[in-house]
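Here is a walk through a two-chain model, written for someone who would rather look at contacts and angles than read a summary table. Keep the viewer open as you go.

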Amino acid sequence: MTEIEPDDPSRPEHRPLVDEQSDFLQAEVAGLSQSQIVRRRFFRHRGAMIALFMLVFIIILAVTSVGWGPIPGWWKWDHTELVPITDERPTLSLRPTFLGGAGIQFGDHPFGIDNQAGKDMFALTMRGVQTSLAVIFVLGVLATTIGVVIGSVSGYYGKWVDAALMRFTDVIIVIPLLVITAVAGYALKLSGMWPTAIALGLFTWTGLARLVRAEFLALREREFVDAARVANAPDRRIIFKHILPNCVGTIVVSVTLLMGAGILTETALGFLGFGVRPPDVSLGTLVSAYQGAYQSRPWLFLWPGVFVVAIVLCLQFIGDGLRDAFDPRQKRIPGQKDLDRGLMDRAEAEILSSAP
Amino acid sequence: MAVYIVRRLVAAAFILLAASFIVYILTTFAGDPLEFTLAITNPTQRQAVIDTVTETLSLDVPRVQRYLNWLHRLVVEQDFGLVSQTQQPISDELARRLPTTIKLVTGATILSIVIGISVGIITALRQYSGLDYLVTFVTFVFFSLPVFWVAVILKAWGGINFNDWLRDGAHFSTTFIVVIALVAALIGWSSAGGRWPRKAAFAAGAGVAMAALLAWISANQWMLNPGFGPVIFSLISIGITVLVIAVLVGWRSSDARNAALVTCGIGILSYFPLQAVLNGVPITSTLLGVPVVGHSANTPAPTITIWFIVLLGLIAILIGVAVGYLMGGYDRGQAARTAAITAFLISIVMFVDQAMKSWYEYTNASVIRGRPIKTIGASTERLEGSFWVIVDNTFSHLVLPTMALMLISLAAYTRYSRASMLEVFNQDYIRTARAKGLTERTVVVRHAFRNALIPLATIVAFDISGIIGGAVITERVFEWEGMGSLFIDGLQQFDPNRVMAFFVIVGGVAVVFNLLADIMYAALDPRIRVGE
């Protein structure tokens with residue numbers, strides 16, 4: 001056994017490990033409000049921050065390049081314009097000239113041209129990104145509203161209200177989404193993205209409602225709710241002012257992931273022919289339209305897919321970062337090996353110090 | 001418990017009833033089922049078709065009445081009705097399509113459960129290591145991939161590029177070998193524990209082994225005519241045995257170790273005697289009343305059936321149990337379990353070996369013409385050959401859709417099992433187990449793994465319920481005639497009969513499995529009581 005000097009600085013102190021941990025945590029959050037703690041933790045999550053920047057970049061790129069509604073964008077073409085037919089291959093190049101490439105350039109048609117329809121692929125893809133993002137935005141707003149209201153009413157009131165609302169939720173879960181979206185376009189007499197967006201929003205809140213209900217069931221038994229009740233607060237105030245703020249973490253994380261899944265659902269529906277209808281284009285309809293072109297003109301098929309993956313991946317990472325930030329149990333706990341090592345060192349040190 | 005189950009089933013029946021009403025009414029609103037008749041030019045013919053479809057879907061009565069008619073037919077006569085356009089009974093369609101879908105999803109489900117849980121546990125054991133971050137990132141990417149996009153790419157790569165590669169002699173390029181070896185080295189580095197010399201040794205070992213393996217495969221053109229042969233079969237069997245012993249019981253548990261080794265020996269020794277049996281020499285045509293040697297539809301010569309293979313697998317497991325029981329010493333159960341698992345895994349290796357031996361015959365069959373990987377449908381028509389050629393054919397149709405289906409469930413199982421394992425690692429009983437001085441293997445396998453499986457069991461049950469209807473997109477891309485295409489076609493032709501048949505089957509399976517998940521949870525975890 002190696003000798004350890006009593007005043008060796010590498011020697012662990014004689015203190016229970018739990019205290020070291022809680023000191024570490026205390027120092028981290030001392031004097032900060034809850035929202036400051038959450039914000040700080042989120043900003044420290046490297047993956048989430050990179051994802052956030054990427055998502056913002058994609059949104060800005062999509063909105064400014066082809067414009068929004070009547071506002072024109074900076075890109076030469078938009079998704080309806082016919083382009084002069086030239087070389088259909090993409091002009092985007094990232095390989096510099098000294099490595100034998102064409103130099104770093106954007107070119108006239110960075111994602112190539114669809115020669116059969118005479119459209120610029122970059123404009124089409126950007127328009128698809130806009131539509132898909134708009135769909136999940138509508139979806140997010142609708143699903144959050146319905147899910148939070150049903151979940152909180154169900155969880156707060158309990159008894160028959162709870163039973164009725166939860167059975168209603170079960171019915172909604174069982175109904176296949178494809179049926180809804182297939183009907184939505186035909187029955188609502190709407191074209192474009194709206195039927196899909198509304199249908200998705202009206203039928204994907206079920207998971208969120210269940211989560212919010214579970215939170216409410218746990219929170220309504222807590223002392224601060226009793227205190228509010230004793231102070232004669234009305235139900236509405238207790239729900240919205242006292243309980244709901246405690247569920248924000250769950251809701252935010254769940255909605256972020258829901259929107260990520262929403263893009264995939266939207267594109268899958270578009271692929272099966274039940275999604276966004278013409279004249280609108282979404283990423284799903286683009287992938288679907290160009291699936292046969294993969295062998296001959298892969299850029300037509302790959303670029304919309306790349307944007308789907310990028311957006312969903314960003315939302316996943318942001319959701320993950322938010323979950324870590326909101327989770328109060330999320331501590332930086334020393335790993336098992338550190339624990340073992342710490343215990344071994346301490347035991348060793350104790351034996352040494354008790355030796356004559 | 002019985003009261004709870006009955007109550008749940010009654011509630012589920014009412015939910016299905018309500019949902020079926022909504023789905024039926026919505027489907028009738030989706031469009032005009034007579035639209036297709038516009039294409040018929042002959043007016044009398046057209047009127048006849050309109051009359052038939054009107055009769056089939058009872059279009060002459062109000063929607064609610066139509067639903068009640070449908071429900072009455074289903075409940076009283078157990079009849080799903082007819083397909084509106086072809087007038088085929090839907091029950092025939094189901095009998096054809098349900099097995100196809102099950103065939104498609106079974107392999108993908110089992111593989112993603114096994115691989116996902118293993119990877120999840122390894123990453124939980126190496127939390128916050130390079131491997132953990134890598135796997136987390138990869139699962140995020142898998143979650144973000146649209147299935148149809150990947151499926152189209154897989155179709156192109158597997159169906160065209162891979163088949164071309166086989167045609168060109170199945171040689172790997174040096175770049176490919178180097179890249180794969182580097183990936184193997186990276187995984188070896190990040191999965192090894194300890195300090196850097198140990199990590200470096202692992203990385204070097206993994207990289208060199210992978211490079212050597214790929215070089216050997218490339219040099220011998222192994223992919224054109226694969227197979228293990230007796231030597232490699234023995235080596236793989238021994239490797240599996242050692243792994244099973246090391247993971248399940250530990251090397252120092254002598255009785256179980258010896259039982260597994262003896263079972264492995266029996267497996268290796270039976271390699272040659274079993275060749276003749278597996279190639280269809282008829283010993284007996286039925287065993288316990290099950291036909292094991294029959295005439296397949298395509299071949300005049302007698303060939304073995306799938307039941308014979310299942311039977312051989314069962315015999316292998318029984319041999320393992322017997323060996324374990326005889327050699328088990330004081331802990332017979334453990335020895336029997338270990339030996340049986342060893343025997344089962346070795347018999348799978350033997351099955352794979354046998355299937356590989358027929359690969360050359362399969363690829364050179366007249367209807368395959370050297371392009372073995374298939375991207376359309378469930379099997380090749382007019383293919384003639386032995387049982388093993390048919391197995392190869394099924395495999396080559398399944399491999400690409402299985403990969404597409406596995407993507408998402410693999411990621412999900414990895415995440416769930418990692419989270420579950422980490423949760424269990426924080427429990428007091430794990431600390432107790434470590435404090436007792438148990439080996440790390442015992443703590444992980446006996447104390448942690450079993451408890452981590454409890455929440456996973458319920459997730460598996462949930463997943464199976466969703467999977468029957470969940471392969472809609474994969475079926476569409478790979479043109480399988482399964483449940484998903486029944487649903488999509490029905491929806492596109494505004495045929496409530498087909499949509500409802502899909503809904504009843506999928507909804508019914510979902511209800512049963514969700515109930516099963518809850519009961520299983522209560523059965524596995526004594527802290528949970530159902531019905532309170």
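What follows covers confidence, the overall build of chain B, the interface, the cores, two helices and a few backbone angles.

## How far to trust it

First things first: this is a predicted model. Chain A has a mean pLDDT of 76, with 69% of its residues scoring at least 70. Within chain A, confidence peaks in helix α9 (residues 223–230), at 90, and is lowest in helix α13 (residues 336–354), where the mean is 53.

The start of chain A needs some care too. Over residues 1–17 of chain A, pLDDT stays under 50, and the model has eleven contacts for that stretch beyond four places in sequence.

## Chain B in outline

Chain B has 20 helices and four strands. Its C-alpha atoms fill a box of roughly 80 × 65 × 50 Å along the principal axes. Of the 532 residues in chain B, 36% are buried.

Sequence separation is worth a look as well. Take the contacts in chain B between residues at least 6 apart in sequence: 68% of these join residues at least 24 apart.

## Where the chains meet

The contact between the chains draws 31 residues from chain A and 32 residues from chain B. On the chain B side, the elements giving two or more residues are α1 (2–30), α5 (130–144), α6 (147–167), α18 (472–478), α19 (483–492) and α20 (496–524). The largest share of that side, ten residues, comes from α1(B). Sorted by class, the side of chain B that touches chain A has 26 nonpolar, five polar and one charged residues.

## The nonpolar cores

Which residues have the most contacts inside the largest nonpolar core? They are B:Phe148 and B:Phe502, in a core of 147 residues. Setting aside neighbours within four places in sequence, B:Phe148 is in contact with A:Ala268, A:Phe271 and A:Val287 on one chain, and with B:Ile473 and B:Val477 on the other. Apart from the largest core lies another of 21 residues, including B:Ile240, B:Val244, B:Ala259 and B:Ala260.

## Two helices to check

Helix α12 (residues 306–327) of chain B makes a neat sanity check: its 22 residues should span 32 Å at 1.5 Å a residue, and the end C-alpha atoms are indeed 32 Å apart. Buried residues in α12(B) are B:Phe308, B:Ala316, B:Gly320, B:Val321, B:Val323, B:Gly324 and B:Met327. After α12(B) comes B:Gly329, with a positive phi near 65°.

Over in chain A, the 14 residues of helix α8 (residues 206–219) reach 20 Å from first C-alpha to last, close to the expected 20 Å. The buried set in α8(A) includes A:Leu208, A:Val212 and A:Phe216, along with A:Arg210, A:Arg213 and A:Glu215. The buried residues of α8(A) pack against α4 (121–157), α5 (159–174) and α10 (235–272) of chain A.

## Positive phi outside glycine

B:Gln221 has a positive phi, near 50°, despite not being a glycine. The residue is found in the loop between α8 (196–219) and α9 (229–248) of chain B. With 13 other C-beta atoms within 10 Å, B:Gln221 is partly exposed.

B:Phe494 also has a positive phi without being glycine, near 55°, and is placed in the loop between α19 and α20 of chain B. Is B:Phe494 buried or exposed? B:Phe494 has 23 other C-beta atoms within 10 Å, and the cut-off for buried is 20 or more, so this residue counts as buried.

Technical notes
Residues numbered from 1 in each chain as written. Chains lettered and ligands numbered in written order. Predicted model: local features only at pLDDT ≥ 70, side-chain atom pairs only at ≥ 80, totals over all residues. Contact = placed C-beta atoms within 7 Å. Nonpolar A, V, L, I, M, F, W, Y, C, P; charged D, E, K, R; others polar. Buried ≥ 20, exposed ≤ 12 C-beta atoms within 10 Å, placed from the backbone. Core = buried A, V, L, I, M, F, W, Y, C linked by C-beta atoms within 7 Å. Expected span 1.5 Å × (residues − 1). pLDDT = per-residue confidence, 0-100.
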